[in-house]
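Hi,

Here is the structure I promised to pass on. Have a look at it first, and then read my notes underneath.

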Amino acid sequence: QVQLVQSGGGLVQAGGSLRLSCAASGFRVGDNNMDWYRQPPGQQRELVGSISGRGDTAVADSVKGRFTISRDNDKNTVYLQMNSLKPEDTAVYFCKTDFSWSDYWGQGTQVTVYS
């Protein structure tokens, strides 16, 4: 059974850092593309970045140079490291994968950045 369980997030002052984790079960993160999305208050969900099965990463221009995506195959976990956080990064963050022709989402975690 495919499951994504998120942890991390919380309240942080602008300029601070947070790391989100997405622990996977039912498949291997090293074999699958994994995405991070976020949904700011009152806005649509948007793609933050991705890590491919090969380990290639890409992030949105809005977070480039501040956010990085990584994974630990032994822990079967993907991470979103967020540095130099800004109030506009405030959102609910989700990890996602598609496996066996279905999309699976983490439960979401709130990140609130105050100035």
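Below is what came out of going through it.

Bear in mind that this is a predicted model. As for secondary structure, the protein has 11 strands and zero helices, so from the N terminus on the order of elements reads β-β-β-β-β-β-β-β-β-β-β. The radius of gyration is 13 Å, and the globule rule gives 13 Å for 115 residues, so the protein is as compact as a globular protein of that length. If you want box dimensions, the C-alpha trace spans about 40 × 25 × 20 Å along its principal axes.

Now the strand pairing around β3. Strand β3 covers residues 18-25 and runs antiparallel to β1 (residues 3-7), with five bridges joining the two. One position to click on is Gln 3, whose bridge partner in β3 is Ser 25. Strand β3 is also joined to β8 (residues 77-82), again antiparallel, this time by six bridges. There, Ala 23 stands opposite Thr 77 of β8.

On contacts, take the pairs of residues at least 6 apart in sequence: 52% of those contacts join residues at least 24 apart.

Finally, burial, surface and charge. Of the 115 residues, 43% are buried. The accessible surface comes to about 6,200 Å², and carbon and sulfur atoms account for 44% of that. The protein carries 11 positive and 11 negative charges, and the mean positions of the two sets are 3 Å apart.

Cheers

Methods. Residues are numbered from 1 along each chain as its sequence is written. This is a predicted model: local features need pLDDT of at least 70, side-chain atom pairs count only at pLDDT 80 or more; totals for chains, interfaces and linings use all residues. Side-chain values use heavy atoms; hydrogens and water are left out. Two strands pair if DSSP finds at least two bridges between them. Helices (H or I, at least four residues) and strands (E, at least two) are DSSP runs, numbered from the N terminus. The radius of gyration is taken over C-alpha atoms; the globule rule is 2.2 Å times the number of residues to the power 0.38. Buried means under 20% relative accessible area, exposed over 50%, partly exposed in between (1.4 Å probe, protein chains only). Contact means heavy atoms within 4.5 Å. Accessible areas come from the Shrake-Rupley method with a 1.4 Å probe; for residues, only the protein chains shown count as cover. Lys and Arg count as positive and Asp and Glu as negative; His and the chain ends are not counted. The place of a charge is taken as NZ of Lys, CZ of Arg, CG of Asp or CD of Glu.
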